[in-house]
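Reader: Please take a close look at one part of this model, the salt bridges, and place them among the strands they connect. A single connected account would suit me.

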Amino acid sequence: AMMDPRGKVVRWQGQLAGIRENLPDAPEARRNALLVHMFPGRPHEGAKHLPSVVLFFGDDCFQEVKDLTAGSWIVFEGRLVEPGRSSGGEEAPEVLQLRHV
């Protein structure tokens, strides 16, 4: 049996694709999200627009995030919430809860 990676803290780097703020119906800790492309990322066939990683964050991380701009390279630390997958024609990014960026 493979070890469940959820809850593991990882430190990765990637290119910031965008920031989404005030997501509707989201709990406070997941109200905002950084979308990050990793290189080499998982090959997303026909889904180049999909980020490799979605980093959720709440207002507590806002000071760290507010000066980031899309296209910049970032190093981030987060706790794995949902591992990504790319099987059976279904693509899903890695989902993390942001700790530091």
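Author: The model is predicted, and the account starts away from the salt bridges, at a charged site on the surface. Asp60 is found in the loop between β3 and α1, the latter covering 62-65. With a relative accessible area of 67%, Asp60 is exposed, because the cut-off for that class is over 50%. Asp60 belongs to a patch of negative charge on the surface, where it gathers with Glu28, Asp59 and Glu64. Members of such a patch have no salt bridge, so the acidic residues discussed next are a separate matter.

The salt bridges come to four in number. One of them is formed by Glu82 and Arg6, whose closest N and O atoms are 3.4 Å apart. This pair links distant parts of the chain: Glu82 is in strand β4 (residues 73-82), Arg6 is in the segment before β1, and 76 residues separate them. Both ends are partly exposed, Glu82 with a relative accessible area of 34% and Arg6 with 44%.

Another salt bridge joins the side chains of Glu77 and Arg11, at 3.7 Å from N to O. Because Glu77 lies in strand β4 and Arg11 in strand β1, this contact ties together parts that are 66 residues apart in sequence. The two partners fall into opposite classes of accessibility. Glu77 has 17% relative accessibility and so counts as buried, the limit being under 20%. Arg11, at 60%, counts as exposed.

Glu77 also meets the side chain of Arg99 in a salt bridge, with 3.3 Å between N and O. Arg99 lies in strand β7 (residues 94-100) and Glu77 in strand β4, so here the parts tied together are 22 residues apart in sequence. Arg99 counts as partly exposed, at 33% relative accessibility. Through shared partners, the salt bridges join Arg11, Glu77 and Arg99 into one network.

The strands that carry these residues are also paired. β4 and β7 run antiparallel and are joined by five bridges. Within this pairing, Arg79 has Gln97 in β7 as its bridge partner. The β4 to β7 connection is thus made both by strand bridges and by the side chains of Glu77 and Arg99, because these two residues lie in β4 and β7.

From β7 the pairing continues to β3, this time in the parallel sense and over four bridges. Val53 stands opposite Glu94 in β7. On to β2, strand β3 (residues 53-57) pairs in the antiparallel sense over five bridges. Here Leu34 stands opposite Leu55 in β3.

β2 in turn pairs with strand β1 (residues 9-20), in the antiparallel sense and over five bridges. Gly18 stands opposite Leu35 in β2. Strand β2 itself (residues 32-37) has five of its six residues buried, so it is largely enclosed by the rest of the structure.

Read back from there, β1 pairs with β2, β2 with β3, β3 with β7, and β7 with β4. The salt bridge of Glu77 and Arg11 ties β4 to β1, because Glu77 lies in β4 and Arg11 in β1.

How values were computed. Residues are numbered from 1 along each chain as its sequence is written. This is a predicted model: local features need pLDDT of at least 70, side-chain atom pairs count only at pLDDT 80 or more; totals for chains, interfaces and linings use all residues. Side-chain values use heavy atoms; hydrogens and water are left out. Buried means under 20% relative accessible area, exposed over 50%, partly exposed in between (1.4 Å probe, protein chains only). Two strands pair if DSSP finds at least two bridges between them. Patches are made of residues with over 30% relative accessible area and no salt bridge: like charges are joined within 9 Å, nonpolar side chains (Val, Leu, Ile, Met, Phe, Trp, Tyr) within 5 Å. Accessible areas come from the Shrake-Rupley method with a 1.4 Å probe; for residues, only the protein chains shown count as cover. Lys and Arg count as positive and Asp and Glu as negative; His and the chain ends are not counted. The place of a charge is taken as NZ of Lys, CZ of Arg, CG of Asp or CD of Glu.
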